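Please open the structure in your viewer and keep the selection panel at hand, since each stop of this tour begins with something to select.

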Amino acid sequence: MRNRGYYDDFGGAYLPEVLVSTFDELEAAFESAKNDPRFWEQYIDMMSSYSCRPTPLTFAENLTRHFGGARIYIKREDLNHTGAHKANNVMGQGLLVKRMGKTRVIAETGAGQHGVATATMAAKFGFQCTIYMGEVDVERQRPNVFWMEQLGAEVIPVREGTRILKDAINEALRDWVTNMDTTHYVLGTACGPHPFPEMVTYFQSIIGKEARKQILEQEGKLPKRIYACVGGGSNALGIFHEFLKDPVELVGVEAAGKGLNTGHHAARLAGDDARVGVAQGYKTYFLQDSDGQMKETHSVAAGLDYVGVSPILAHLKERARIRFEAATDQEVMAALSLTIRKEGLIPALESAHAFVQAFKEAPTLPRSESILINQSGRGDKDIFTVADAMGDTKWKGFIMRKAQGYQEK
Ligand SMILES: *Cc1c(COP(=O)(O)O)cnc(C)c1O
């Protein structure tokens, strides 16, 4: 067993023998890139010319007035190319693939956002690209499948098992084992075997590096608290990482779905339903029953609907460095509506989880303090879900007809 990539007792790399040399190669390539200052410069150059970096830090003047407490700032990851922070990770891994001399990338995707981001990166770098997607997800995410194909990716519907994300992961791993020489597996979040959690955090840390500088410029001091939603944990680690040594409170917000007591949620760190275990090549808190069977998860936000969570976040929870909370689907809709009306911003449903907790706490803090919310993505993709949840009568018929056949939720 390799003993690298542990965060206290979490993380590691539990790999089948055939993949060990590929992970060694990846780890070596990442270490060399990390120690080469030109690599980070190259990354910054690419992100500023291709993905709107640095993204702005927006003062939410109307929301601040509405709550009458701490001054609210929003980090605008929604302005990235393809609409979310996912671009930071895939473009970074793309540069690394080039450095390793590989020519093909594969990924698995559930809601399709990571698939589109990966296919975009592959088009830009001229890589071959294969995306694995559960057959059920292919059906409900038609627009994303369309764009992945236009971008030149081959989308393979996975018919095994329950035909969703976890089955697509197995299929992608099978591909990787067969094609390791030419192929890199682009993992979408700060989970999985070492070095992925560290590597994804490294690329996403660009968010916090910018935000720290921006808030010091705009407020003249550090914020009191920072809020981020937590799916796998990449946008949260991205904004938190640069502040870990500062006297700043960090708050991760998970999906409470229909409520923490209902069994229909995806709260691994904020609830008491999760247990530490090893799955998908790493050790962390998973939502599993006493036999180790993975439970079904639920969230109105597809990007937060996942059984595992970053081992780095699990470790920072145990160390009491990050506090974890959870927001219900209903609370998320209310926070989303308010943000749209007050600021003219449309956060993704995932991001709106962070807004919920920030809105609960802002009024309890003095006006002399500031808080920062990471708006991980934009909400355009959520139009059908939001219209449905809001029971919008004027548009509902039209929107639902359009949605027929490719959107179930
Ligand atoms: C994918 C996604 C997430 C969840 O992923 P993390 O790795 O937890 O950041 C959050 N917000 C948006 C907009 C996403 O697309």
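Begin by selecting Phe30, Phe39, Trp40, Tyr43, Tyr202 and Phe203, which form one aromatic cluster in what is a predicted model.

Within this selection, keep Phe30 and Tyr202, whose ring centres lie 5.3 Å apart and whose planes stand at 75°, so the pair is edge-to-face. Phe30 belongs to helix H1 (residues 20–34) and Tyr202 to helix H9 (residues 196–204), so the pair ties together parts that are 172 residues apart in sequence. Are these two residues buried or exposed? Phe30 is buried, with a relative accessible area of 0%, and Tyr202 is buried as well, with a value of 15%.

Return next to Trp40 and add Lys209, which lies over the face of Trp40 at 4.7 Å from the ring centre.

Now select Trp176 and Tyr185, an aromatic pair that is edge-to-face, with 5.4 Å from centre to centre and 85° between the planes. Trp176 is buried, with a relative accessible area of 1%, and Tyr185 is buried with 3%.

For the last stop, turn to the strands and colour the open sheet of six, which has the order E3-E4-E14-E9-E10-E13 and mixed pairing. Its edge strands, each pairing on one side only, are E3 (57–59) and E13 (322–328). If you select strand E10 (residues 249–257), you can follow how E10 and E13 pair in the parallel sense over seven bridges, and in E13 you will find Ala326 as the bridge partner of Glu254. Finally, show helix H14 (residues 349–361), which lies across E4, E9, E10, E13 and E14 and runs at about 150° to E9.

Definitions and conventions: Residues are numbered from 1 along each chain as its sequence is written. This is a predicted model: local features need pLDDT of at least 70, side-chain atom pairs count only at pLDDT 80 or more; totals for chains, interfaces and linings use all residues. Side-chain values use heavy atoms; hydrogens and water are left out. Two strands pair if DSSP finds at least two bridges between them. Helices (H or I, at least four residues) and strands (E, at least two) are DSSP runs, numbered from the N terminus. Contact means heavy atoms within 4.5 Å. Axes are lines fitted to C-alpha atoms, for helices over the stretch in contact, and angles run from 0 to 180 degrees between N-to-C directions. Rings of Phe, Tyr and Trp (its six-membered ring) pair if their centres lie within 6.5 Å; planes under 30 degrees apart count as stacked, over 60 as edge-to-face and the rest as tilted. Buried means under 20% relative accessible area, exposed over 50%, partly exposed in between (1.4 Å probe, protein chains only). A charge sits over a ring if NZ of Lys or CZ of Arg is within 6 Å of the ring centre and within 35 degrees of the ring normal.
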